[in-house]
Amino acid sequence: MSRDFGFPAGEAVLITGAGSGIGRATALRAAELGLSLSLWDLDPTGLETTAELVGSHAPRVHTWVADVSDDDAVQTGMADAVAALGSIRYLHNNAGPASASAIPFDRAVEISVGSVRRVTDAWAAAGPGEGAAMVATTSIAGNLLGTDNAWYSASKAAVMGYVRHLASYRAGEFRSNGVAPGMTDTPRLAGFAASETGQRVLQRIPLKRMATPDDIAWATLFLLSPLACYINGVYLPVDGGWTVTQ
Ligand SMILES: NC(=O)c1ccc[n+]([C@@H]2O[C@H](COP(=O)([O-])OP(=O)(O)OC[C@H]3O[C@@H](n4cnc5c(N)ncnc54)[C@H](O)[C@@H]3O)[C@@H](O)[C@H]2O)c1
């Protein structure tokens, strides 16, 4: 099937957390749409696998092993990415710790929303140019549902608050939107669908399945694309209708 989201030839997208799950899917689907890629992850093995899977499908591929909560790594990485690909028009702020991680509340919020701010500022300072857009992977957690994990709900709501700030005050530079996955079939949710809680949740999802990483990737790429040129500041749940049943 041929798809065309209207991305002009020669443009590039930077994806954080590209070594697995949603970030990897966004990389693969972006390559199909003709975008060059700057792929970032703290896991070198996952990153290498994504780059191998992309292969020659993307015009150009740059990889950067970095923890996005590390300011020096982000600054150096952005310079490296721009040197490799030129101006980077689109940004997918996707990396974030798994909700099951035992990270102290303050540090977790700092990592989650702080990294989105850090990468966005570095990208914006590098001059993404006309038609630039940013999408953050937020969540239905914290925005539509309260979860048992305090830092995860708090930081995903904070990411969306930051997106609304950007959409209001930085629209002269770039559009900003949030994609909110529901229960998505990535390694961090391995086994969840088969668990008792997972089965209960699945029953409440009108589409009766988890999201695939591609479901989230396509929503992200649509919001980044010129087709969405008048969409700024939206919170887009991609959850099979789960939250309208709550
Ligand atoms: N899977 C779900 O059900 C779900 C639901 C809602 C939101 N999300 C969000 O989607 C995003 C991607 O999650 P996923 O399910 O694809 O997970 P995943 O574990 O499959 O992939 C996440 C990737 O991000 C990388 N990463 C994590 N912290 C990083 C850091 N500080 N710096 C650089 N890279 C880092 C990991 O190494 C990993 O490769 C996350 O922000 C997550 O909170 C996921």
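Two strands are taken to pair when DSSP finds at least two bridges between them. With that in mind, a good place to start in this predicted model is the meeting of strand E5 (residues 133–137) and strand E6 (residues 175–181), which pair in the parallel sense over five bridges. One example is Val 135, whose bridge partner in E6 is Asn 177. Helix H5 (residues 150–169) packs on the sheet here, touching E5, E6 and E7, and its direction makes about 155° with that of E6.

Stepping back, E5 and E6 belong to an open sheet of seven strands, paired in parallel and ordered E3-E2-E1-E4-E5-E6-E7. Strand E3 (61–65) and strand E7 (235–238) each have a single partner strand, so one side of each is left without a neighbour in the sheet. On average, and with direction ignored, neighbouring strands of this sheet are turned by 15° against each other.

The aromatic residues add another view, with four aromatic pairs found in a search of the whole structure. In one of them, Phe 5 and Trp 218 are tilted at 40° between the planes, with 5.6 Å centre to centre. Phe 5 lies in the segment before strand E1 (12–16) and Trp 218 in helix H7 (residues 213–224), so this pair ties together parts 213 residues apart in sequence. Phe 5 counts as buried at 13% relative accessibility, and Trp 218 counts as buried at 18%.

The rings of Phe 7 and Tyr 90 form an edge-to-face pair, because their planes stand at 70°, with centres 5.0 Å apart. Phe 7, in the segment before E1, is thereby linked to Tyr 90 in strand E4 (residues 90–93), 83 residues apart. Phe 7 is buried, with a relative accessible area of 10%, and Tyr 90 counts as buried at 2% relative accessibility.

Key:
Residues numbered from 1 in each chain as written. Predicted model: local features only at pLDDT ≥ 70, side-chain atom pairs only at ≥ 80, totals over all residues. Heavy atoms only, no water. Helix = DSSP H or I, 4+ residues; strand = E, 2+ residues; numbered from the N terminus. Axes fitted to C-alpha atoms, helices over the stretch in contact; angles between N-to-C directions. Contact = heavy atoms within 4.5 Å. Phe/Tyr/Trp six-rings, centres within 6.5 Å; stacked < 30°, edge-to-face > 60°. Buried < 20%, exposed > 50% of the residue type's maximum accessible area, 1.4 Å probe, protein only.
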